[in-house]
Amino acid sequence: MSATENFDDTTVCRLDTQRKVVEPCSIVIFGASGDLTARKLIPALYHLFKDKQLPPAFRIIGFARREKTDESFRAELRTALDQFSRTKPVDDKVWTEFATNIVYCMGDLTDSAAYQKLEQRLTSFGNPALRNNLLFYLAISPSQFGEAVEELHKAALLKPPGPGGWQRIVVEKPIGHDLASAHALNSELTRYAHEQQVFRID
């Protein structure tokens, strides 16, 4: 069985006990103005950075409709971190280093032009890995998952697995409200993303 065939077989269980090399990447948070980002995501990423668990080159891009600058977005996140960090007080030196990697991209999930703007922001980092190794955290309503994934595909930000980088989609529950709606939601996610690119958090 070839590597590609093995990857495409979603019935195969893969257990990899080897530690993987942490690669440069960009983490795009959709719904970056929401409570989940402030309370959970940024504090978790801050602690990963503090513990040297993030790659040496990375970016965190907040994507949401509200008008903000990079600086105002960082200030909001710092205020939230002071409140929700599991270690207090927040280390000012670590935060300053961490925050230089955080930027903001204003855009509406339903606007194709916003995804082109996002693509331009990713390209502006000047590191191909930061443009091509992408984690999309959908901190948005499940009803918006399908449209977001489709727009990412149309903007060439979400591609089938292969050489030249990787992309991942992360979603949190609820994954539907019953079996039928869960199947429907999964069908929307995997219309443009391979099953192995989708990570679901319960």
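Start by selecting phenylalanine 98 in this predicted model. Its relative accessibility is 0%, so phenylalanine 98 counts as buried; the cut-off for buried is under 20%.

Now add tyrosine 46. Tyrosine 46 is also buried, because its relative accessibility is 0%. A search of the whole structure turns up ten aromatic pairs. How do the rings of tyrosine 46 and phenylalanine 98 sit relative to each other? Their centres are 6.1 Å apart and their planes meet at 75 degrees, so this pair is edge-to-face; planes over 60 degrees apart earn that label. The pair ties together distant parts of the chain. Tyrosine 46 belongs to helix H2, phenylalanine 98 to helix H4, and 52 residues separate them.

Extend the selection to Phe49, Phe58 and Trp95. Together with Tyr46 and Phe98, these residues make up one aromatic cluster.

Next, show helix H4, residues 92-99. Which of its residues are buried? They are Val94, Trp95, Phe98 and Ala99. Look down the axis of H4: the buried residues fall within an arc of 125 degrees, so they line one face of the helix. What does this buried set pack against? Select helix H2 (35-50), strand E2 (58-64), helix H3 (70-84) and strand E3 (102-106) to see the partners.

Move to the start of H4. Pick aspartate 91 and lysine 93. A side-chain oxygen of aspartate 91 comes to within 3.0 Å of the backbone nitrogen of lysine 93.

Now switch to the sheet. It is open, has six strands and pairs in parallel. Trace the order E3-E2-E1-E4-E5-E6. Which strands stand at the edges? E3 and strand E6 (198-201) do. Each has a single partner strand, so one side of each is left without a neighbour in the sheet. From one strand to the next, the twist averages 20 degrees.

Zoom in on the E6 edge. Strand E5 (residues 167-172) pairs with E6 in the parallel sense, over four bridges. For one bridge, pick valine 170; its partner in E6 is phenylalanine 199. Strands of a sheet pair through backbone hydrogen bonds.

Finish with helix H5, residues 112-123. Which strands does H5 lie across? Display strand E1 (25-30), E2, E3 and strand E4 (134-138) beneath your selection to find them. Against E3, helix H5 runs at about 155 degrees.

Terms used
Residues are numbered from 1 along each chain as its sequence is written. This is a predicted model: local features need pLDDT of at least 70, side-chain atom pairs count only at pLDDT 80 or more; totals for chains, interfaces and linings use all residues. Side-chain values use heavy atoms; hydrogens and water are left out. Buried means under 20% relative accessible area, exposed over 50%, partly exposed in between (1.4 Å probe, protein chains only). Helices (H or I, at least four residues) and strands (E, at least two) are DSSP runs, numbered from the N terminus. The arc is that of the directions from the helix axis to the C-beta atoms. Contact means heavy atoms within 4.5 Å. A polar contact is a pair of N or O atoms within 3.5 Å; within protein, one must be able to donate a hydrogen and the other to accept it, and residues adjacent in sequence count only if both atoms are side-chain atoms. Two strands pair if DSSP finds at least two bridges between them. Axes are lines fitted to C-alpha atoms, for helices over the stretch in contact, and angles run from 0 to 180 degrees between N-to-C directions. Rings of Phe, Tyr and Trp (its six-membered ring) pair if their centres lie within 6.5 Å; planes under 30 degrees apart count as stacked, over 60 as edge-to-face and the rest as tilted.
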